[in-house]
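These are my notebook entries on a single protein chain. I set down what I looked up and what I found.

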Amino acid sequence: MAQEIEHYLMEQFKKVLDGKDKSISKIPRYNQFQEIKSLLVDIFSSFSLVDSSIRDKLYYLNNVVTECQMLTRKHGFNSPEELLTINRIRRELNKIKRELKATKDKLQPNNGVSSSQDTETSSRDTEISRWTTHVVDDSKVYGFDDNVVSMEKLLLEKESHDRFKAVGIVGREGIGKTTLCQLIFNKPEVKNNFLPRIWVCMARHPDDNEDPKLAIVKRMLVQLGVEKKMVSFIFNEKRGLEGLLCALHLQLVGKRYLIVLDDARETDTWYGKLDSCLTSDKKWDDGFAFGLPKGNGGRVIVTSRNEELAKMMVGEENIHRLLPLSDPESCWKIFEDAVEDDPNLSYPSDLEDLKLEINQKCGGLPLAAKMMGQAMHEQVPKYSTQWNP
């Protein structure tokens, strides 16, 4: 009976993608759905019994393909909320594709080198979609100048030169929290004033199954130059998390460091009050803060969508709220870069009105403006010569 359900769900999924309704090809992430369908067809045709997790994936796929049909627009653009939903769907589809490739490889172990390479590529794609680094192309960033200046002043202020300071950058998804941090992290003045500088993505790594506390502290030690073998030795021989935090403190003590904790999500109070110092009634592993020395002007920047979480970590007085872009020119430039100067697309004469429209429809969110441009680039047919919003 269980296999019948999976086969039924598979037929329903194929029916939607391969049916007579040609408009299906216009739904968001259509190519991703087709790639996943091909993988599922291979799995179902090659094996009499399929992995039990396939059923959950098929339930999700059938639901989300219907959602994408509802998001399809014949004219104009999706709203900022819809664009962010599409972005979340993209990430989830990447994850499903990666897991299906792993399932296929597990069920068919002698399938040659190419499948292994595909799995690695898919893994990298998934990691990139969720994983942030300090790298940024500042030539394609617009509208952040004032925020960069104010944050730079906050980090470099002389009156707190030797005191520890933690700052939180908060705002909704797609507003540019990570981008702002990347710009600050790479400023020459910041590089000259802080050493070491490390970037820590707080999201759970696709290949990480251990406690987030352990994973984050280990990640920090590796970025500070501690070899992975030594990190494992510290964990195994020096009392686990307590030993790791003590080692982190020793790596940073006496240094004017800068640490970016990007995309904080864990609400455990263990991450709270980063300005706290270790006292005689506490142990090293009682708080994340105890791994961060306080006497030499160290700085920590936390980014999060959750303002209450950021307040818990850095204090309400140290919150920097990032607002949507108000300048239509900035949103337009982001949109234009994403369109990639498509030669088949010519803009109307009332360009200023179009810029205002882009700004309004993306809600001032850089990610939404970028996705609007990418959608336009994908959807403009080769025979098109005129903008038609």
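The entries below run from the whole chain to single residues.

**Entry 1. Confidence**

I began with the reliability of the coordinates, since this is a predicted model. The protein chain averages a pLDDT of 84, and 83% of its residues score at least 70. I then looked for the weak stretches. Residues 110–129 stay under a pLDDT of 50, and the model gives them 21 contacts beyond four places in sequence. Residues 381–389 are also below 50, with 20 contacts in the model beyond near neighbours in sequence.

**Entry 2. Overall make-up**

I counted 15 helices and five strands in the protein chain. Of its 389 residues, 48% are buried. The chain exposes about 20400 Å², and carbon and sulfur atoms supply 48% of that area. I also checked how far apart in sequence the contacting residues are. Among contacts with a separation of 6 or more, 78% are between residues 24 or more positions apart.

**Entry 3. Nonpolar cores**

Which residues have the most contacts inside the largest nonpolar core? I found F144, M151, I169, L180, I184, I301 and F335, in a core of 40 residues. The elements that give two or more residues to this core are α4 (80–107), α6 (145–156), β1 (165–170), α7, β3, α13 (328–339), α14 (351–362) and α15 (366–379). A further core of 37 residues lies apart from it, and L224, L245, L261 and L274 are among its members.

I followed L180 in detail. Not counting residues up to four places away in sequence, L180 touches F144, N147, V148, M151, I169, H320 and L322.

**Entry 4. Helix α7 and Q182**

L180 led me to α7, where seven of the nine residues are buried and the helix is mostly covered. The buried residues are K177, L180, C181, Q182, L183, I184 and F185.

Q182 caught my attention as a polar residue in this list. Helix α7, residues 177–185, contains Q182. Is Q182 buried or exposed? Its relative accessible area is 9%, under the 20% cut-off, so I recorded Q182 as buried. I then asked what lies 2.8 Å from a polar atom of the side chain of Q182. The partner is the backbone oxygen of T133. Beyond four places in sequence, Q182 is in contact with T133, H134, V135, V136 and W199.

**Entry 5. Helix α9**

I turned next to α9, residues 212–223. Its 12 residues reach 16 Å from first C-alpha to last, close to the 16 Å expected at 1.5 Å a residue. Ten of the 12 are buried, so α9 is largely enclosed by the rest of the structure. I listed the buried ones as P212, K213, L214, A215, I216, V217, K218, R219, M220 and L221.

Which elements do the buried residues of α9 pack against? They pack against β2 (197–201), α10 (228–237), α11 (240–252) and β3 (258–262).

I then looked at both ends of the helix. At the start of α9, a side-chain oxygen of D211 comes within 2.7 Å of the backbone nitrogen of K213. After α9 comes G225, with a positive phi near 100°.

**Entry 6. E242 in α11**

I examined α11 for a charged residue out of solvent and settled on E242, which is found in this helix. E242 has a relative accessible area of 14%, which makes it buried. Leaving aside neighbours within four places in sequence, E242 is in contact with K283, W284 and D285.

**Entry 7. Backbone exceptions**

I closed with the backbone. The peptide bond joining L195 and P196 is cis, with omega about 5°. P196 belongs to the loop between α8 (188–193) and β2.

I also noted positive phi values in residues other than glycine. R29 has a phi near 65° and is found in the loop between α1 (2–18) and α2 (30–46). D263 likewise has a phi near 65°, and its loop runs between β3 and β4 (299–304).

Which cover do these two residues have? R29 is partly exposed, with a relative accessible area of 25%, whereas D263 is buried, at 15%.

Methods. Residues numbered from 1 in each chain as written. Predicted model: local features only at pLDDT ≥ 70, side-chain atom pairs only at ≥ 80, totals over all residues. Heavy atoms only, no water. pLDDT = per-residue confidence, 0-100. Contact = heavy atoms within 4.5 Å. Helix = DSSP H or I, 4+ residues; strand = E, 2+ residues; numbered from the N terminus. Buried < 20%, exposed > 50% of the residue type's maximum accessible area, 1.4 Å probe, protein only. Areas by Shrake-Rupley, 256 points an atom, 1.4 Å probe, with all protein chains shown as cover. Expected span 1.5 Å × (residues − 1). Polar contact = N/O pair within 3.5 Å; in protein donor to acceptor, adjacent residues only side chain to side chain. Core = buried A, V, L, I, M, F, W, Y, C linked by side-chain atoms within 4.5 Å.
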